[in-house]
Amino acid sequence: MIKTEVNATEGRQGYAPLLLTLLLSVPAFTVHADDNSRMLSNQPQPPDVRLGPLFNAVQQAKFYPDQKTFADALPKYDPASILADWQMQKNQRSFDLKRFVSANFTLPTNGDKYVPPAGQSLRAHIDGLWPVLTRTAKSAGQYDSLLQLPKPYVVPGGRFREVYYWDSYFTMLGLAESGHWDRVQDMVDNFASLLDRYGHIPNGNRSYYLSRSQPPFFSLMVDLLATHEGDKAYTRYLPQLQKEYDYWMADSDIVAAGDASKRVIKLADGTLLNRYWDARDVPRTESWMDDVNTAKKAPQRDKAEMYRELRSGAASGWDFSSRWFTDAHNLATIRTTQIAPVDLNSLIFHLEKVLSKSYLLNKQGNVAKQYADRAEKRQAAINRYLWDSKQSWYADYDWKKKQVHPQLTAAALFPLYLHVASDKQADSTASAVEKQLLKPGGLVTTTVNNGQQWDAPNGWAPLQWVAVEGLEHYKKPQLAKQVGLRFLQNVQTTYDKEHKLVEKYVVEGKNLGGGGGGEYPLQDGFGWTNGVTLMLLDKYCPKDKTCNSAHDIPQSSASMQ
């Protein structure tokens with residue numbers, strides 16, 4: 001006879017096997033058939049799938065201020081057994097869900113807050129942070145959501161305890177500037193390992209990130225490594241570069257004109273562009289209740305469609321921004337998959353160029369020419385479809401409405417950064433950016449202030465570097481310098497006051513400094529801010545010059561907008 005009361009561990013030892021059949025009848029969020037959402041045999045299941053309704057119950061209970069906390073929790077026992085225990089105990093009068101979680105899971109911690117030595121310069125502080133932010137995942141627990149990586153890596157910091165794809169490129173710039181080429185090599189090897197195992201680089205090394213990627217910077221990582229070790233980097237990582245391309249271009253040969261599939265859009269004239277896409281259509285594991293609540297605000301929309309759009313917005317790295325909204329002030333109008341983003345397509349152009357170069361170095365001239373031709377076609381497509389001819393700047397393309405989305409954002413500088421733009425297009429884009437996006441503390445992300453973190457008044461380190469490099473590519477060093485110096489002053493001034501670097505910064509208004517908005521509090525650390533700041537220090541405040549405070553950094557001289 002089965003007991004009527006079971007404690008947190010007893011059922012696991014004696015009763016769980018008898019109860020597992022109960023799970024077959026438990027309703028959960030549907031996982032639709034797709035390339036990744038099938039939960040392929042070589043891919044670990046994310047916690048919301050492993051734990052099903054238990055995961056949902058814990059997130060709904062709101063025990064933790066950050067929903068990512070339980071997503072990153074480590075089950076102490078077989079998740080199926082824990083789930084069976086919960087099914088048997090949950091309706092008992094004395095059942096305490098929080099106590100049950102504590103007994104069955106180890107919750108993540110962020111560790112002690114790093115306190116820099118007194119009087120440490122900004123440059124020295126960043127150099128000292130690299131080992132603090134370095135992690136390893138050579139072996140992960142059997143039920144851990146963390147994905148194994150063969151070599152050490154640098155995380156952003158704070159709540160971000162894993163490596164992130166596009167963050168890492170800007171972090172690697174700083175590692176290289178600090179002379180840590182061994183760590184740059186490690187991180188490229190880690191991403192190559194992910195491509196070999198999963199066929200793509202996930203958003204981050206967590207099982208719940210496997211259904212999507214992020215802005216594809218792997219080809220730029222190989223470029224960076226090649227500046228140190230020469231062209232052999234291109235041939236060494238050629239198989240992984242090809243896998244990256246195959247992932248982004250999957251279904252390009254079968255999708256009908258005027259339609260889209262996964263990450264590929266085929267316009268009516270046969271032109272191929274790319275979009276962001278997540279293979280699942282349930283709430284994000286790490287932001288479960290946020291997504292559930294967003295869906296409630298638009299009851300007329302299909303929930304699965306809404307969740308897909310939110311997840312795809314997260315794949316963009318700009319989670320979230322008015323770029324993806326029909327109503328710039330309403331997250332519930334998000335329609336990421338309807339957009340061909342200018343930054344993504346510029347990055348795929350770069351990947352095609354690097355593949356062409358790599359195949360040429362590998363003595364495969366015919367294949368090299370094929371990729372050169374693809375890059376040329378994409379460049380023409382970007383300069384036609386992702387160009388706002390009325391306002392004379394680069395923008396995203398709404399492939400369903402068959403029109404450019406008339407919004408100027410910092411993403412408009414990606415065609416300059418990656419050598420896609422003509423001189424004339426670069427000139428007019430730069431002029432618009434100077435008039436509308438250049439602010440006292442750097443480049444603002446968009447002109448919309450709506451409470452989203454990838455909108456005004458925030459500026460982000462990677463976008464500052466894209467702007468500086470892109471403007472210099474098209475012989476606009478003075479404007480590039482204004483962007484770089486204003487952001488560097490902002491970072492330095494904040495460091496002088498608070499002795500830390502942060503994820504994002506307010507760049508307009510009277511109160512510059514740490515940014516806000518979005519789904520979680522401002523995070524300290526911070527990987528990509530560290531990397532870009534080092535690059536800006538190297539450019540505008542060389543090591544042979546003392547820059548110990550904001551007063552030591554050259555002042556921006558251009559007139560303010």
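Reader: Happy to start with α8. Which of the residues of helix α8 are buried?

Author: Here a residue counts as buried when its relative accessible area is under 20%. The model is a predicted one. In helix α8, which spans residues 122-132, that description fits L122, R123, H125, I126, L129 and W130.

Reader: Thanks! Within what arc do the buried residues of α8 fall, seen down its axis?

Author: Look along the helix axis of α8 and the buried residues line one face of the helix. They do so because their directions fall within an arc of 155°.

Reader: And what covers the buried residues of α8?

Author: The cover draws on both strands and helices. The strands include β3 (134-137) and β4 (149-154). Among the helices are α9 (165-177), α21 (477-498) and α22 (527-540).

Reader: Two of those helices, α9 and α22, also cross. Are α9 and α22 parallel or oblique to each other?

Author: Their axes come within 7 Å and cross at roughly 40°. Angles under 35 degrees would count as roughly parallel, and 65 to 115 as roughly perpendicular. The α9 and α22 pair is therefore oblique.

Reader: Nice. How do the residues of the contact of α9 with α22 divide into nonpolar, polar and charged?

Author: From α9 come W166, D167, F170, T171, L173, G174 and E177, and these meet G527, W528, G531, V532, L534, M535 and D538 of α22. The crossing itself is left-handed. By type, the contact residues divide into seven nonpolar, four polar and three charged.

Reader: Let's move to α11 and α16. At what angle do they pack?

Author: Helix α11 covers residues 218-229 and helix α16 covers residues 342-361. Their axes are 8 Å apart, and the angle is about 50°. That makes α11 oblique to α16.

Reader: Is the crossing of α11 and α16 left-handed or right-handed, and which residues make the contact?

Author: The crossing is left-handed. On the α16 side, the contact is made by L347, H350, L351 and V354. Those of both helices divide into four nonpolar, two polar and one charged. On the α11 side, the contact residues are S219, L220 and D223.

Reader: One last residue: is D251 buried or exposed?

Author: D251 sits in the loop between α13 (238-248) and β5 (259-261). Its relative accessible area is 18%, and the cut-off is under 20%, so D251 is buried.

Reader: What is D251 in contact with, leaving aside its neighbours within four places in sequence?

Author: With those neighbours set aside, two contacts of D251 can be named. They are S261 and K262.

Notes. Residues are numbered from 1 along each chain as its sequence is written. This is a predicted model: local features need pLDDT of at least 70, side-chain atom pairs count only at pLDDT 80 or more; totals for chains, interfaces and linings use all residues. Side-chain values use heavy atoms; hydrogens and water are left out. Axes are lines fitted to C-alpha atoms, for helices over the stretch in contact, and angles run from 0 to 180 degrees between N-to-C directions. Helices (H or I, at least four residues) and strands (E, at least two) are DSSP runs, numbered from the N terminus. Angles under 35 degrees count as roughly parallel, over 145 as roughly antiparallel, 65 to 115 as roughly perpendicular and the rest as oblique. A crossing is left-handed if the near helix is turned anticlockwise from the far one by less than a right angle, and right-handed if clockwise. Contact means heavy atoms within 4.5 Å. Ala, Val, Leu, Ile, Met, Phe, Trp, Tyr, Cys and Pro count as nonpolar, Asp, Glu, Lys and Arg as charged, and the others, Gly among them, as polar. Buried means under 20% relative accessible area, exposed over 50%, partly exposed in between (1.4 Å probe, protein chains only). The arc is that of the directions from the helix axis to the C-beta atoms.
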